[in-house]
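Trainee: Hi, could you walk me through this one? I'm new to it.
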Amino acid sequence: MKILTDWGFTREGWRKNSRGEYLVLLQGGLLTAFTILPVYQPPGFKITSTQLIYLSWIIATILGLGALILIVKGLRDLGKNLTPLPYPREDGELIQTGIYGIVRHPLYGGLILAAFAWTIFQLSLSHLIATAILLIFFDIKARREEAWLSEKYSEYSEYRQRVKKLIPGIY
């Protein structure tokens with residue numbers, strides 16, 4: 001399929017994991033597992049106050065909207081540079097404007113915020129643990145991606161110093 005080759009997928013890459021193909025597979029598996037994970041609330045943990053329930057829903061909604069903004073804006077600002085692989089496209093350029101002027105990995109950060117929003121909405125311990133696993137995974141994937149970006153773009157080091165990694169203003 002042309003879109004896969006445009007993104008940088010090759011048979012050789014799948015055999016050798018030369019562009020982070022296995023990270024893409026693992027990401028798909030983790031996101032799938034998160035969506036089918038059952039909600040678990042520890043026995044005896046029940047919020048009975050409707051005000052606290054509404055507050056958790058408001059917080060979840062705000063986080064969810066933030067996640068949506070990061071993901072949509074990240075996709076739009078990346079444009080033709082988009083690839084699920086952590087390896088940069090051969091014909092790509094370093095994007096440092098738009099949402100990428102605020103956070104280096106808005107797609108990863110958006111997925112983490114979306115997972116956290118769902119965790120708060122459901123008040124689910126199982127999803128909190130899964131969100132922590134996603135945070136660790138995306139941090140590792142971003143680290144690998146940044147090594148390749150640093151090799152390709154000389155200005156990436158300065159960009160890393162200036163812009164947060166996954167969560168705007170926080171990390």
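Mentor: Happy to! Let's start with helix H3, whose buried residues (under 20% relative accessible area, 1.4 Å probe, protein chains only) are Glu21, Leu23, Val24, Gln27 and Phe34. They cover an arc of only 160° around the axis, which puts them on the same side of H3; the arc is that of the directions from the helix axis to the C-beta atoms. This is a predicted model, where local features need pLDDT of at least 70, side-chain atom pairs count only at pLDDT 80 or more, and totals for chains, interfaces and linings use all residues. Residues are numbered from 1 along each chain as its sequence is written, and side-chain values use heavy atoms, leaving out hydrogens and water.

Trainee: What covers the buried residues of H3?
Mentor: Helix H2 (11-16), H5 and helix H6 (125-152) are among the elements that do, with contact meaning heavy atoms within 4.5 Å. Helices here are DSSP runs (H or I, at least four residues), numbered from the N terminus.

Trainee: And which exposed residues are on the face turned away?
Mentor: Leu25 and Ile36; exposed means over 50%.

Trainee: Switching topic: how many aromatic pairs are there?
Mentor: Seven, from a search of the whole structure; ring centres of Phe, Tyr and Trp (its six-membered ring) must lie within 6.5 Å. In one pair, tryptophan 57 and phenylalanine 121 have ring centres 5.8 Å apart and planes at 35°, so the pair is tilted, that is, neither under 30 degrees (stacked) nor over 60 (edge-to-face).

Trainee: Which cluster are they in?
Mentor: Tyr54, Trp57, Trp118 and Phe121 form one aromatic cluster.

Methods
Helix = DSSP H or I, 4+ residues; strand = E, 2+ residues; numbered from the N terminus.
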